[in-house]
Amino acid sequence: MKYLPFERITYRTNLSEQEVLTRLSGFVEPKKFGLGKNYIKEYEGTVNNNSFEISKVIQYRNSFLPQINGRIQNENNGTQIQVTMSLHAFVFFFLIVWCSFALVFFIGVSIRTIREKEISVELFLPLGMLLFVYILTMVGFKSESKQSKEYLRRSFDAEITNE
């Protein structure tokens, strides 16, 4: 999963389930829609009984911002928080469509290259496009997920037990 815009992290903390929910409420505010959104807290989303769906509040544009889903479970001596970070569904769908077009273009150029028995620069254009979108996605996603992973660890006074 290291090379995909997807992460699963398990935190373990000595806090109770209720204390984790209280801390979550301290840095998560409800999603706001429309113009002139004024955020006070670091994250926006929903916090339920034992789960949450949040994303970081940013003042810049990043389509690859991780959507953070978490599940809170009581354990013998504390609480376990299982977090999944992934791309927004619309962004993931757009990437699949965009990459599909690039692959179709690559296949078409490859077939023409085989028929003409001559390698052209056009053959490498779709590969460059795919490489560019991959790097753009991973840089945008991983930089934000790294910050959120550390923020959650500090906020819950937790240790990461599984990545």
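**View 1. The open sheet of the predicted model, with seven strands in the order 2-3-4-5-6-1-7.** The pairing within this sheet is mixed, and its two edges are formed by strand 2, at residues 28-29, and strand 7, at residues 158-162, each of which pairs on one side only. At the edge held by strand 2, the neighbouring partner is strand 3 (residues 43-47), and these two strands run in the parallel sense over two bridges. One residue pair to look for here is E29 with its bridge partner E44, which belongs to strand 3.

**View 2. Helix 3 packed on the sheet.** Helix 3, which spans residues 125-155, touches strand 1 (6-13), strand 3, strand 4 (51-56), strand 5 (67-75), strand 6 (78-86) and strand 7, and its direction makes about 10° with that of strand 1.

**View 3. A nonpolar patch on the surface.** The patch is formed by Y3, L131, Y134, I135 and V139, which together have about 520 Å² of accessible area. Of these residues, V139 is found in helix 3, and V139 counts as exposed because its relative accessible area of 53% is over the 50% cut-off.

**View 4. The surroundings of S86 in strand 6.** Is S86 buried or exposed? With a relative accessible area of 17%, S86 falls under the limit of 20% and is therefore classed as buried. When its neighbours within four places in sequence are left aside, S86 is in contact with P5, F6, L65, P66, Q67 and F141.

Definitions and conventions. Residues numbered from 1 in each chain as written. Predicted model: local features only at pLDDT ≥ 70, side-chain atom pairs only at ≥ 80, totals over all residues. Heavy atoms only, no water. Pairing = 2+ DSSP bridges. Helix = DSSP H or I, 4+ residues; strand = E, 2+ residues; numbered from the N terminus. Contact = heavy atoms within 4.5 Å. Axes fitted to C-alpha atoms, helices over the stretch in contact; angles between N-to-C directions. Patch = residues over 30% accessible without salt bridge, like charges linked within 9 Å, V, L, I, M, F, W, Y side chains within 5 Å. Areas by Shrake-Rupley, 256 points an atom, 1.4 Å probe, with all protein chains shown as cover. Salt bridge = Lys/Arg side-chain N within 4 Å of Asp/Glu carboxyl O. Buried < 20%, exposed > 50% of the residue type's maximum accessible area, 1.4 Å probe, protein only.
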